[in-house]
Every structure is written in structure tokens, then in C-alpha cells.
Amino acid sequence: MIATILIALVLLIVAAALLRALATPKAKPRCEPLPESALEETAGVENELAAAVRHATVSSNDPKAEDEKTFAAFKEELKRLFPRAHKELERHEIGDRALVFVWKGSKPELKPVILCAHFDVVPADDAELWRHQPFSGDIAEGAVWGRGTQDIKLMLISSLDAAERLLAEGKAPERTIYFAFGGDEEVGGARGAGRIGAWLEERGVEASFLLDEGGPVSDGSLPFADRPVALVGIAEKGYADVSLEAEGKGGHASMPPAHTTSGDLARAIAAIEARPDRARLGYTVRNFLDHLSPYVGFGYRVLFRNLWITSPLVKAAFKRGPATNAMLRTTAAPTMLKGSSKENVLADRAWANVNMRILPGQTVAGNLERISRIVAGAGVKVSVNHPEQLVEPLPESPVDHEGFRAIESAIGEAFPEAAVLPFLLSGGTDTKHYRKGTEAMYRFCPVRETPEDLEGIHGRDEHIGVSNLRRCALFYKRLLASL
Ligand SMILES: [Zn+2]
């Protein structure tokens with residue numbers, strides 16, 4: 001009798017799982033990428049980006065190492081490139097690293113939208129090894145070359161390019177649009193986005209949503225999806241650097257004690273790796289899988305649509321790749337180590353830095369406590385390294401929101417070949433500075449990226465294909481037109 005009931009139960013569960021998989025919303029029909037002819041509409045944006053890249057707006061933690069003249073020249077360049085936007089939009093400079101354009105909407109009762117980007121870049125070392133000089137702005141081999149072409153002058157230029165073209169066509173948005181550009185994102189964003197966030201708050205701006213840099217339209221990063229995926233970040237992880245410190249007696253290495261400071265530190269690190277944070281499928285990952293399910297084979301669809309029963313399987317599969325593993329849990333990566341500086345001397349102090357990326361819904365303090373408990377037996381001290389760089393995870397933004405829908409539909413126009421997926425970013429952006437006055441925050445970079453393309457970001461030979469860039473400008477033109 002019990003056996004019969006059990007068999008019936010299992011059959012019921014299987015049937016329910018299959019039914020849910022079969023009830024997956026229909027995939028959009030497969031589309032080819034837009035032909036080059038459809039990108040004529042935004043032709044010329046490559047010259048604007050090239051001009052912007054020629055200003056080496058490198059930011060640094062040491063303000064004296066920054067070249068103020070270059071930042072000023074960059075802003076002058078924008079005036080030349082976008083004369084209509086400079087004439088017809090309100091322009092505000094807040095301090096020296098924050099630039100805001102306000103395009104007043106015709107319906108003030110609608111909540112405004114904030115489009116973010118940053119105009120600073122990271123340094124370009126090994127300039128002699130670049131195929132085109134890092135600040136040449138060369139247009140060659142079908143691409144624009146230089147630092148900032150991907151991170152992230154392309155978004156700044158494309159959004160202003162779209163505004164300029166719509167102004168020329170005599171169009172204006174219903175919603176007020178804020179173009180919010182910071183000039184120190186790569187070094188924390190306090191002088192740029194930080195000032196803009198405070199400025200918006202003072203003016204009582206309550207935005208519907210914002211769009212900042214984030215996931216790309218990715219080719220091949222999800223091999224089991226039947227098409228490229230547009231990864232729209234609806235959440236980003238928090239950030240903390242944690243110090244582990246073991247103190248003891250130094251001395252000569254010829255007569256060591258049973259436990260050395262370096263040994264204690266090593267045990268602490270091994271304990272952290274042995275006890276990773278528990279895996280969870282939060283709101284973002286659940287929605288990621290749900291949006292992905294129409295675009296995968298039936299087997300995956302059964303898995304992704306039935307997390308009520310398959311979540312252990314999904315977690316086990318995600319655990320196997322570092323990128324997917326990072327979506328499941330707070331990560332703790334030992335990055336820097338210091339012990340004795342001489343071969344035959346015992347360290348009286350051994351130190352390590354552990355870089356943590358904290359899952360939405362958790363806190364920095366909670367994770368410090370967890371790490372302290374794990375290393376308690378090893379006799380090391382746990383503290384926050386660089387408290388000024390701590391970032392608590394931001395709340396997850398809804399998928400069911402007019403902002404997500406607007407971005408989704410603009411992606412459909414510029415990248416009809418892609419499936420739109422909500423996504424969790426492991427890296428940080430400027431969005432933290434806008435958390436107070438914004439309902440929903442999305443992080444998306446409207447360009448096609450293959451895994452190889454991503455290597456140019458912060459690396460050598462950063463470049464962006466001309467047709468790819470025109471797609472980016474088209475995305476903004478459609479998005480702005482829909483607002
Ligand atoms: Zn960036």
C-alpha cells in the first residue's frame with residue numbers, strides 16, 4: 001500500500017514538473033542580427049566616440065596624478081560634438097567630475113529616468129604593445145580603438161548621440177531624462193556619481209528607473225541557450241576587503257615552534273575555502289532561470305521551471321563554474337599574502353587580504369561574523385580592510401517594472417536576435433550613489449560581446465566594432481524615443 005502511494009506521488013511530481021516545463025512561455029521567434037543597412041540611422045557615431053577617446057581622462061586615487069586640463073578638454077569636446085543637446089538641454093556641472101544634462105519631458109507627472117555613464121578611464125600600460133595607441137581613437141579594421149571605447153565612453157557618447165539625433169528630428173520625450181555622467185567611477189565615484197546622487201536628492205528627484213553600465217549582449221557565455229543573451233543586471237553584489245592577521249613570536253627558522261604565524265594564517269585561509277557560504281537561489285537568479293527557460297532544450301526547461309524540486313540539482317550544476325557559482329553565494333577570495341621577508345626568519349606577523357563579494361539580502365557585518373566563526377580555531381584576527389571601500393549589496397530591482405520593460409523593448413529593436421535575461425553582477429558600478437531616489441536600477445551595456453571581446457576591458461587593445469557601436473546608439477535612440 002505504502003509503495004503504491006509512493007509511486008503515485010513520484011508520478012504526480014514528475015507529471016507536475018513536465019507540465020510546468022510544457023507551460024513555459026513561448027520563445028520569441030529566432031531573428032537574425034540587424035543588417036548593416038538598418039544601422040545607417042546611427043552612422044557617424046564612431047567619429048564621435050573616436051574624438052572622445054582621444055582625451056586621456058585617466059582617473060587616479062591621487063588627485064595630483066590626474067590631468068585637470070584633459071578632463072576640461074573632454075567636456076569642451078562634448079560641446080563640439082553635440083551642439084543641439086548643449087543648446088536645448090539644461091547642462092549642470094557639479095564640481096569638476098560631475099556633468100548632468102536634463103532633457104525636460106512634456107509630461108511632468110511621469111517619473112523621470114536617469115541614464116548613467118562615466119567619462120574617466122583606467123590607465124593604459126604597455127602603450128607600445130597596443131596595436132593602435134591607447135588614446136589614438138583610430139578608426140581601423142572596422143573598429144574604434146582605444147581606452148574607454150568599451151568602458152564606458154561608448155555609453156556616454158551613444159546616449160548623447162541619440163539625444164542629438166532625436167532633437168534634430170524635432171522629437172522630445174514625455175518623461176524628463178537625466179543624463180548623469182561621473183568622472184571618477186574607476187576610483188570610487190565620490191566626486192562624480194556621488195555628487196550627482198546628492199544633487200538629485202536635494203532637488204527631490206524621484207526617478208522611475210536608471211540605466212548604468214552592466215552586462216552585455218553576450219555570445220557564447222551560456223552554451224546551452226539557443227541564442228545570444230542580453231544580460232540586464234537587476235542586482236549587484238556588495239564589496240568588502242577583509243584582513244586576516246596572525247601575530248606571534250618571530251625568531252630563527254632553525255628552531256620553529258609547533259605553530260607559526262604563517263601556519264595559523266594558512267589554516268585560516270584553508271578553513272575559509274573549505275566552508276564556502278551556503279548556496280541560495282535568490283530573486284535575481286530565479287528570474288534569470290525563468291527568463292532563460294524558453295531558450296534552452298527541454299531537459300534544462302524541466303530543471304529551470306521546477307526549482308521547487310530541482311534547486312539542489314541546479315545549485316550543484318552552478319557550483320561547477322566560477323561565474324555561475326558566484327551567482328549563488330557570497331564569495332571570499334584570498335588575494336594578498338604577507339609573511340616574513342627573509343628565508344630564515346619566522347614572521348612575527350602574517351597577514352592576508354580576503355576579497356568578498358556579498359550576495360543581495362546579506363550584510364557586510366553578517367559575513368564578517370561568519371568569517372570570524374570559521375577562522376576562530378586558527379587564532380587569527382579578522383577586521384575590515386579599507387572600510388571606506390565597503391559597499392553593502394543593493395536591493396534587487398523588480399523585473400515586473402516599466403523600466404525593465406522599456407529596456408527589454410529597446411533591446412528587441414537593436415538586438416532582435418537576443419533573449420533578455422535579468423542578471424546578477426559580481427562587479428560594482430556607480431549605481432550605489434543613486435540608491436535613494438530611484439525605484440529600480442538596471443545595469444546593461446548595449447553591445448554584443450564574445451568572451452574574447454571582454455578581455456580588452458581594462459586590458460590591452462580595447463576596441464569596439466563600428467557596427468556594434470552603431471547598434472548601441474540605436475538602442476539608446478529607441479529607448480529615448482519610447483520614454
Ligand atoms: Zn566602467
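Guide: A residue is called buried when its relative accessible area is under 20%. The model here is predicted.

Visitor: Why is H118 called buried?

Guide: H118 has 0% relative accessibility, and the limit is under 20%, so H118 counts as buried.

Visitor: What makes D151 buried or exposed?

Guide: The value for D151 is 10% relative accessibility, which is also under 20%, so D151 counts as buried.

Visitor: Which residues coordinate the zinc ion?

Guide: The donors are H118 (NE2), D151 (OD) and E213 (OE), with E213 (OE) listed twice, at 1.9 to 2.7 Å. Their spacing in sequence is H-x32-D-x61-E. H118 lies in strand β3 (residues 113–118), while D151 lies in the loop between β5 (143–145) and α5 (153–168), 33 residues apart, and the pair links distant parts of the chain.

Visitor: Why is the arrangement around the zinc ion called irregular?

Guide: Four donors count as tetrahedral if all angles lie between 85 and 135 degrees. The angles here are 51 to 145°, so the arrangement is irregular.

Visitor: How do you know that the span of helix α15 agrees with its number of residues?

Guide: Helix α15 (residues 466–482) has 17 residues, which at 1.5 Å a residue should span 24 Å; the end C-alpha atoms are 24 Å apart, so the two agree.

Visitor: Is α15 enclosed or exposed, and what makes you say that?

Guide: In α15, 13 of the 17 residues are buried, so the helix is largely enclosed by the rest of the structure.

Visitor: What makes the nonpolar surface patch?

Guide: The patch of about 600 Å² is made by I2, L6, L9, I13, W308 and I309. Helices α1 (2–22) and α10 (307–319) each give two or more residues. The largest share, four residues, comes from α1, whereas W308 is in α10.

How values were computed:
Residues are numbered from 1 along each chain as its sequence is written. This is a predicted model: local features need pLDDT of at least 70, side-chain atom pairs count only at pLDDT 80 or more; totals for chains, interfaces and linings use all residues. Side-chain values use heavy atoms; hydrogens and water are left out. Patches are made of residues with over 30% relative accessible area and no salt bridge: like charges are joined within 9 Å, nonpolar side chains (Val, Leu, Ile, Met, Phe, Trp, Tyr) within 5 Å. Accessible areas come from the Shrake-Rupley method with a 1.4 Å probe; for residues, only the protein chains shown count as cover. A salt bridge is a side-chain nitrogen of Lys or Arg within 4 Å of a carboxyl oxygen of Asp or Glu. The expected span of a helix is 1.5 Å times one less than its number of residues. Buried means under 20% relative accessible area, exposed over 50%, partly exposed in between (1.4 Å probe, protein chains only). Donors are N, O and S atoms within 2.8 Å of the metal (3.2 Å for Na, K and Ca); water is not among the atoms, so sites may look incomplete. Four donors count as tetrahedral if all angles lie between 85 and 135 degrees; four count as square planar and six as octahedral if opposite donors are over 155 degrees apart and all others between 65 and 115; anything else is irregular.
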